[in-house]
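Here are some notes to read alongside the model, written as numbered points. Please keep the sequence and the 3D view open while you go through them.

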Amino acid sequence: MTTFFIKTFGCRVNQVESQAILEQFLRAGATPADSFETADICVLNTCTVTHQADKDVEKQIRQILRRNPSARLVLTGCYAMAHKAEVQKKFPEAEIVGKYELGRVLFNEEDVCWTVSGHEGHSRAFIKIQDGCDCFCSYCIVPFARSEKRSKPLADVLSEIKTLEEKGFSEIVLTGINIGNYCCPQTGADLAELCDYISRQTGTFRIRFSSIELQTVTGGVIAAMAARPDRFCNYFHLPLQAGCDKVLQDMNRHYDTAAYRARVADLRSKVPQIGIFADVIAGYPTETEQDFEDTVRFIREVKLAGLHVFSYSPRPGTKAALLKQLPPEEIKRRAEALRALDKELRAAFAASLVGTEQVVFMEERKDGLPHGITSNFQQVVLEGENVPRRGLVRAKIVRAEGALCYGKVV
């Protein structure tokens, strides 16, 4: 009987794809190996979003080649595809296989990276509804690995939601490389229409969007969210990257600060208590000290709930990699300043929720206390007795300490 090992690097999309591959291996009668050292087949689902991601992947490859040289080694994902020729030369023992070729190569089937029936070790479920991006932001390598845009048929999304809800997943995250570009290949339905269909489904579950680009957050998407606050989380992760128009233009982003400010104001006016978080890049090559200060000022102005801070890392093949780079110590300084700002923003957002009632998705226990997450992505500790371990729980937020809220079950 074949044994297999799967290692996932990077984003939620990769995690969903690895779960789909895992399920296909099991359907084919294969058995999970205890480690890569004992596996007949090792599949690495790779990431290349940063230089460190590349190093992590290469370290794992070398370990497998050294300690299990007889294993069939299959590389897929962004690192493998974006640098295919270089990777093949560096690791000739490995098979490099595109995501949509994996089914044929491993199982003689098609498109195994789409549908899952569960999520091993996770309390919430993820559904990949879309793949691919052709925006070609100047710093980003992803379009070189995933330029072809694909979307899951609407009927399949609804069916997958039903399956996961019946298995007890009460929070389901819609994910993809650029989910705002969702377009059903059969009906042409966009993300707003998909939301309308999801609104009509029965069951006790809520939907959260993964990161979504500002320009794809349409009035229809917002209207669907506002109409069913019990079904759609009042949360958006809107990548900002920079709060300076000059730098946004250099990055080949497709909006300016005025558009971002207007969209945030629109969301807050229509979706009560919404939590809006953002990615931001520290130390882009053309970012001056004044540009950085403008970014900090803009983030404070729009009162984001929190940040995901990236230190700029040049990706070979991108336009930004050809520019003169900032000194590493300057990039580090700016990243640290943004992370300090993130702590400040999260504390302010937590404090703003004191006295409100929130629906909390129970995730885990830490230090013996039940932890969960609100619809607007606030971490909460629920105090008192008989707190449910799973599912959705209504609670009143009684106090905040730093970025953490404390509540009692209503």
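1. Strand β15, made of residues 379-383, pairs with β17 in the parallel sense, and the pairing runs over four bridges. Within this pairing, the residue of β17 that serves as bridge partner of L382 is G407. Please bear in mind throughout that this is a predicted model.

2. On the other hand, β17 also pairs with β16, this time in the antiparallel sense and over six bridges. Here R399 stands opposite Y406 of β17. The two strands form a hairpin with two residues between them, in which G402 takes a positive phi near 60°. When you look at side chains in this region, it may help to recall that in a regular strand they alternate between the two faces of the sheet.

3. The next point concerns helix α13, and it offers a simple check that you can follow yourself. The helix has 25 residues, 328-352, so at 1.5 Å a residue it should span 36 Å, and its end C-alpha atoms are indeed 36 Å apart, which agrees.

4. Which elements do the buried residues of α13 pack against? They pack against β11 (275-282), α12 (289-302), β12 (306-311), β16 (392-401) and β17 (404-409), and thus the hairpin strands of point 2 appear again in this list. Among the buried residues of the helix are E330, I331, R334, L338, L345 and F349.

5. E213 deserves a careful look, and you will find it in the loop between β9 (206-209) and α9 (219-227). Is E213 buried or exposed? With a relative accessible area of 15%, E213 is buried, because buried here means under 20%. Its side chain is joined to that of R253 by a polar contact of 2.7 Å. Leaving aside residues up to four places away in sequence, E213 touches N178, P239, R253 and Y255.

6. The last point concerns the cysteines. A disulfide is a covalent bond between the sulfur atoms of two cysteines, and the structure holds zero disulfides. Why is C78 not bonded to C47? The closest cysteine sulfur to that of C78 is the one in C47, but at 6.5 Å it is too far for a bond, since a disulfide requires the two sulfur atoms to be within 2.5 Å. C195 is likewise in no disulfide, as the nearest cysteine sulfur, that of C233, is 12 Å away. C78 is buried, with a relative accessible area of 10%, and C195, at 0% relative accessibility, counts as buried too.

Terms used: Residues are numbered from 1 along each chain as its sequence is written. This is a predicted model: local features need pLDDT of at least 70, side-chain atom pairs count only at pLDDT 80 or more; totals for chains, interfaces and linings use all residues. Side-chain values use heavy atoms; hydrogens and water are left out. The expected span of a helix is 1.5 Å times one less than its number of residues. Buried means under 20% relative accessible area, exposed over 50%, partly exposed in between (1.4 Å probe, protein chains only). Contact means heavy atoms within 4.5 Å. A polar contact is a pair of N or O atoms within 3.5 Å; within protein, one must be able to donate a hydrogen and the other to accept it, and residues adjacent in sequence count only if both atoms are side-chain atoms. Two strands pair if DSSP finds at least two bridges between them.
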